[in-house]
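Visitor: I am new here and would like to know how the labels get their reasons. Could you take me through them?

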Protein chains: 2
Amino acid sequence: MAQPLPTTNSINLAILFRHEDKQIKLAAGETLFKEGDKGEEAYVMLSGEADIKVGERVVELAAEGTILGEMALIDTEPRAATVTARTECTLAVIDGKRFNHLVQQTSLFAIIVMRVMVRRLRRMDAGL
Amino acid sequence: MAQPLPTTNSINLAILFRHEDKQIKLAAGETLFKEGDKGEEAYVMLSGEADIKVGERVVELAAEGTILGEMALIDTEPRAATVTARTECTLAVIDGKRFNHLVQQTSLFAIIVMRVMVRRLRRMDAGL
């Protein structure tokens with residue numbers, strides 16, 4: 001029988017991905033990806049903070065445990081936002097193949113990604 | 001090995017859910033749920049069209065195969081939008097337990113829900 005979905009607070013992607021093989025560092029001010037770019041990777045913020053901008057508007061301050069870049073892997077369309085490090089950031093890199101594997105094999109990962117997207121949708125709705 | 005995620009066009013939720021036990025009909029003008037309501041069910045539009053409104057703004061015209069009301073099941077927060085039938089609508093009803101079961105047991109369902117949310121996020125981004 002399906003269990004209730006776990007509460008968001010019990011999950012921190014930064015802990016789940018801290019030993020991920022592929023990691024990158026950004027200096028403050030560096031851009032992870034730009035709106036309109038082709039996207040082939042998603043990222044989990046292991047430490048640091050980054051601005052997520054759509055056009056000139058900062059729509060989110062991404063912090064530890066946030067997933068970034070997942071939209072382009074889900075629908076294979078270009079990046080919907082620009083992400084720029086506000087502080088030094090360390091990120092785990094999840095390529096498309098690994099992302100697909102995680103979604104298909106690990107329902108917890110799919111649930112976390114859905115929770116992040118719902119939070120973003122609610123924030124956008126609240127701004128209308 | 002994980003397969004590539006199926007393309008959206010190959011999936012129609014209305015076909016997957018057309019034999020769902022619990023179905024409801026709305027007459028044109030009837031409201032399915034209202035912004036701020038507690039949400040305990042999601043719906044798949046089997047036929048008809050409905051307006052999804054946030055405040056006074058129509059953010060989407062929901063048509064056959066669309067999922068509605070999934071956000072409140074994912075994060076257990078109140079409804080983010082109001083859905084009102086534009087034509088007569090038939091909807092499959094997915095309660096929270098079944099939704100959780102589908103997400104956890106059927107990665108295809110999780111992927112479809114994620115695709116719908118990405119499409120909605122992109123539309124919101126484009127409107128900024």
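Guide: What follows is a set of short questions and answers about this predicted model.

Visitor: Why is A:Cys89 called buried?
Guide: Buried means under 20% relative accessible area. A:Cys89 has 1%, so the label fits.

Visitor: And what makes B:Cys89 buried or exposed?
Guide: The relative accessible area of B:Cys89 is 1%. That is under 20%, so B:Cys89 is buried.

Visitor: How many disulfides are there over all chains?
Guide: Zero. A disulfide needs two cysteine sulfur atoms within 2.5 Å. By that rule, the count over all chains is zero.

Visitor: How many aromatic pairs are counted over all chains?
Guide: Six. One of them joins B:Phe99 and B:Phe109.

Visitor: Why is the pair B:Phe99 and B:Phe109 called edge-to-face?
Guide: Take the distance, then the angle. The ring centres are 5.6 Å apart, and the limit for a pair is 6.5 Å. The planes stand at 80°. Planes over 60 degrees apart count as edge-to-face, so that is the name for this pair.

Visitor: What makes this pair a tie between parts of chain B?
Guide: Look at where each ring sits. B:Phe99 is in helix H3 (residues 96-105), while B:Phe109 is in helix H4 (residues 107-126). The pair therefore ties together parts that are ten residues apart in sequence.

Visitor: How do you know whether B:Phe99 and B:Phe109 are buried or exposed?
Guide: Check each against the cut-off of under 20%. B:Phe99 has a relative accessible area of 0%, so B:Phe99 is buried. B:Phe109 has 3%, so B:Phe109 is buried too.

Visitor: Which residues form an aromatic cluster with A:Phe99?
Guide: A:Phe17 and A:Phe109. With A:Phe99 they form one cluster.

Visitor: Why are H3(A) and H4(A) called roughly perpendicular?
Guide: Their axes cross at roughly 105°. The range for roughly perpendicular is 65 to 115 degrees, so the name applies to H3(A) and H4(A). The axes also come within 5 Å.

Visitor: Which residues meet there?
Guide: From H3(A) come A:Phe99, A:Leu102, A:Val103 and A:Gln105. From H4(A) come A:Ser107, A:Phe109, A:Ala110 and A:Val113.

Visitor: What makes A:Arg79 lie over the face of A:Phe33?
Guide: A:Arg79 is 4.1 Å from the ring centre of A:Phe33. The limit is 6 Å, with a further condition of 35 degrees from the ring normal. In chain B, B:Arg79 lies over the face of B:Phe33, at 4.1 Å from the ring centre.

Visitor: Where is A:Ala50, and why is A:Ala50 called buried?
Guide: A:Ala50 is in strand E4 (residues 50-54) of chain A. The relative accessible area of A:Ala50 is 2%. Under 20% means buried, so A:Ala50 is buried. Residues that A:Ala50 touches include A:Met45, A:Leu61, A:Val83 and A:Cys89.

Visitor: What is notable about the phi of A:Thr76?
Guide: Most residues other than glycine have a negative phi. A:Thr76 is not a glycine, yet the phi of A:Thr76 is positive, about 60°. B:Thr76 also has a positive phi of about 60°.

Visitor: Is A:Thr76 buried or exposed, and where does A:Thr76 lie?
Guide: Exposed means over 50%. A:Thr76 has 67%, so A:Thr76 is exposed. The place of A:Thr76 is the loop between helix H2 (70-75) and strand E7 (82-85) of chain A. B:Thr76 is exposed as well, at 67%.

Methods
Residues are numbered from 1 along each chain as its sequence is written. Chains are lettered from A and ligands numbered from 1 in the order in which they are written. This is a predicted model: local features need pLDDT of at least 70, side-chain atom pairs count only at pLDDT 80 or more; totals for chains, interfaces and linings use all residues. Side-chain values use heavy atoms; hydrogens and water are left out. Buried means under 20% relative accessible area, exposed over 50%, partly exposed in between (1.4 Å probe, protein chains only). Rings of Phe, Tyr and Trp (its six-membered ring) pair if their centres lie within 6.5 Å; planes under 30 degrees apart count as stacked, over 60 as edge-to-face and the rest as tilted. Helices (H or I, at least four residues) and strands (E, at least two) are DSSP runs, numbered from the N terminus. Contact means heavy atoms within 4.5 Å. Axes are lines fitted to C-alpha atoms, for helices over the stretch in contact, and angles run from 0 to 180 degrees between N-to-C directions. Angles under 35 degrees count as roughly parallel, over 145 as roughly antiparallel, 65 to 115 as roughly perpendicular and the rest as oblique. Lists of a residue's contacts leave out its neighbours within four places in sequence.
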